[in-house]
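Here is a friendly walk through one protein model, written for someone who likes to know the cut-offs behind each term. Have the viewer open as you read.

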Amino acid sequence: MGNRKPLISGNWKMFKTCSEATEAASQLAKLVGGVSDREVMIAPTYTSLALVSAAVKDSIVSVGAQNLFWEDEGAYTGEISADMVTSAGCEYVIIGHSERRQYFNETDENVNKRIKAAIKGNLKPVLCIGETWEEREAEKTFSVLDKQVKKGLEEFSLSDLGSLVIAYEPVWAIGTGKTATTDQAQDVHKFLRSLIKEMYGEELAESMRILYGGSVKPANIAELMSMPDIDGALVGGASLDPETFSQIVKY
Ligand code: PGA
């Protein structure tokens with residue numbers, strides 16, 4: 001796996017109130033206290049970001065936002081900027097999650113703008129991509145991912161992308177209990193790494209972390225992480241309970 005430091009991240013989606021999030025984050029920080037050879041990130045809802053950041057402050061856990069808007073500020077009711085999430089203690093930001101694409105009309109074009117804003121604001125973007133079941137059945141997986149990566153990263157130069165993380169999340173495996181087999185996931189991760197190599201060269205391709213997401217749990221994380229091109233996980237449901245998530249972190 002080269003010298004890529006694994007990143008185990010938790011996407012809390014629209015779960016947990018402020019007090020529940022703070023409590024879970026404090027517990028997680030304690031549970032992963034001894035871990036040093038991997039990074040841990042959790043992405044709570046916007047309203048809990050600052051509280052969670054304070055709760056994990058002296059631990060190895062870092063915090064991510066689940067999205068951002070690309071403008072710096074302005075009359076955009078309900079939106080939030082890169083500077084705002086940074087000021088709430090975020091280091092990472094998840095962009096283009098399939099639920100955003102599916103329910104909130106996010107497109108490759110506006111995902112591109114969000115990544116641009118994240119990089120400008122010194123946040124580390126986690127670009128989410130993935131095919132639906134119909135696309136996989138029609139053997140379109142690689143062409144769908146190729147388009148999502150190329151459009152998502154349009155007009156970026158090599159120097160912009162040092163902190164980019166890609167999360168491959170097959171839409172059919174999210175929250176369904178169906179996980180891609182480790183071989184299916186590895187095939188895609190290998191394809192993505194070669195695509196990044198073709199676009200930006202070997203150095204970035206070798207250093208970029210490519211995470212797998214979709215029904216990751218304590219029982220399947222070790223096998224996924226044994227694959228040469230899988231550098232971590234983006235965990236939804238199984239990240240909500242600190243004890244379960246800490247088992248994934250310590251795979
Ligand atoms: P899941 O979600 O682990 O609940 O399948 C993953 C994700 O959506 O990031």
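A crossover is called right-handed if, with the strands pointing away from the viewer, the path from the first strand over the helix to the second runs clockwise. Helices (H or I, at least four residues) and strands (E, at least two) are DSSP runs, numbered from the N terminus. With those terms in hand, S2, helix H2 (residues 49-55) and S3 make a right-handed β-α-β unit. Another right-handed β-α-β unit is made by S1, helix H1 (residues 18-31) and S2.

Some ground rules: this is a predicted model, in which local features need pLDDT of at least 70, side-chain atom pairs count only at pLDDT 80 or more, and totals for chains, interfaces and linings use all residues. Residues are numbered from 1 along each chain as its sequence is written, and side-chain values use heavy atoms, with hydrogens and water left out.

**The barrel**

The strands S1-S2-S3-S4-S5-S6-S7-S8 form a closed barrel of 8 strands with parallel pairing. On average, neighbouring strands of this sheet are turned by 25 degrees against each other, direction ignored. Two strands pair if DSSP finds at least two bridges between them. The table gives three of the pairings.

| Parallel pair | Bridges | One facing pair of residues |
|---|---|---|
| S1 (residues 7-11) and S8 (residues 232-235) | 4 bridges | Gly10 and Val235 |
| S1 and S2 | 5 bridges | Asn11 and Ala43 |
| S2 and S3 (residues 61-65) | 3 bridges | Val40 and Val61 |

How many residues of S2 are buried? Buried means under 20% relative accessible area, exposed over 50%, and partly exposed in between (1.4 Å probe, protein chains only). For S2 the count is 5 of the 5 residues, so the strand is largely enclosed by the rest of the structure. In a regular strand the side chains alternate between the two faces of the sheet. Here Glu39, Met41 and Ala43 point one way from S2, while Val40 and Ile42 point the other way.

Helix H11 (residues 242-249) lies across S1, S2 and S8, and runs at about 155 degrees to S1. Axes are lines fitted to C-alpha atoms, for helices over the stretch in contact (heavy atoms within 4.5 Å). Angles run from 0 to 180 degrees between N-to-C directions.

**Helix H5**

H5 (residues 108-120) has 13 residues and reaches 18 Å from its first C-alpha to its last, close to the expected 18 Å. That expected span is 1.5 Å times one less than the number of residues. Among the buried residues of H5 are Asp108, Val111, Arg114 and Ile119. Their cover includes helix H3 (82-87), strand S4 (92-95) and helix H7 (141-152). Just after H5, Asn122 takes a positive phi of about 60 degrees.

**Aromatic pairs**

Rings of Phe, Tyr and Trp (its six-membered ring) pair if their centres lie within 6.5 Å; planes under 30 degrees apart count as stacked, over 60 as edge-to-face and the rest as tilted. By this rule there are 6 aromatic pairs. Tyr103 and Phe104 form an edge-to-face pair, 6.4 Å centre to centre with 85 degrees between the planes. Tyr103 is exposed at 53% relative accessibility, and Phe104 is partly exposed at 48%.

The rings of Trp133 and Trp172 have centres 5.1 Å apart and planes at 70 degrees, so this pair is edge-to-face. Trp133 sits in helix H6 (residues 133-137) and Trp172 in the loop between strand S6 (165-168) and helix H8 (182-200), 39 residues apart. Trp133 is partly exposed at 34%, whereas Trp172 is buried at 8%. Ring pairs also link Phe69, Trp70 and Tyr76 into a cluster.
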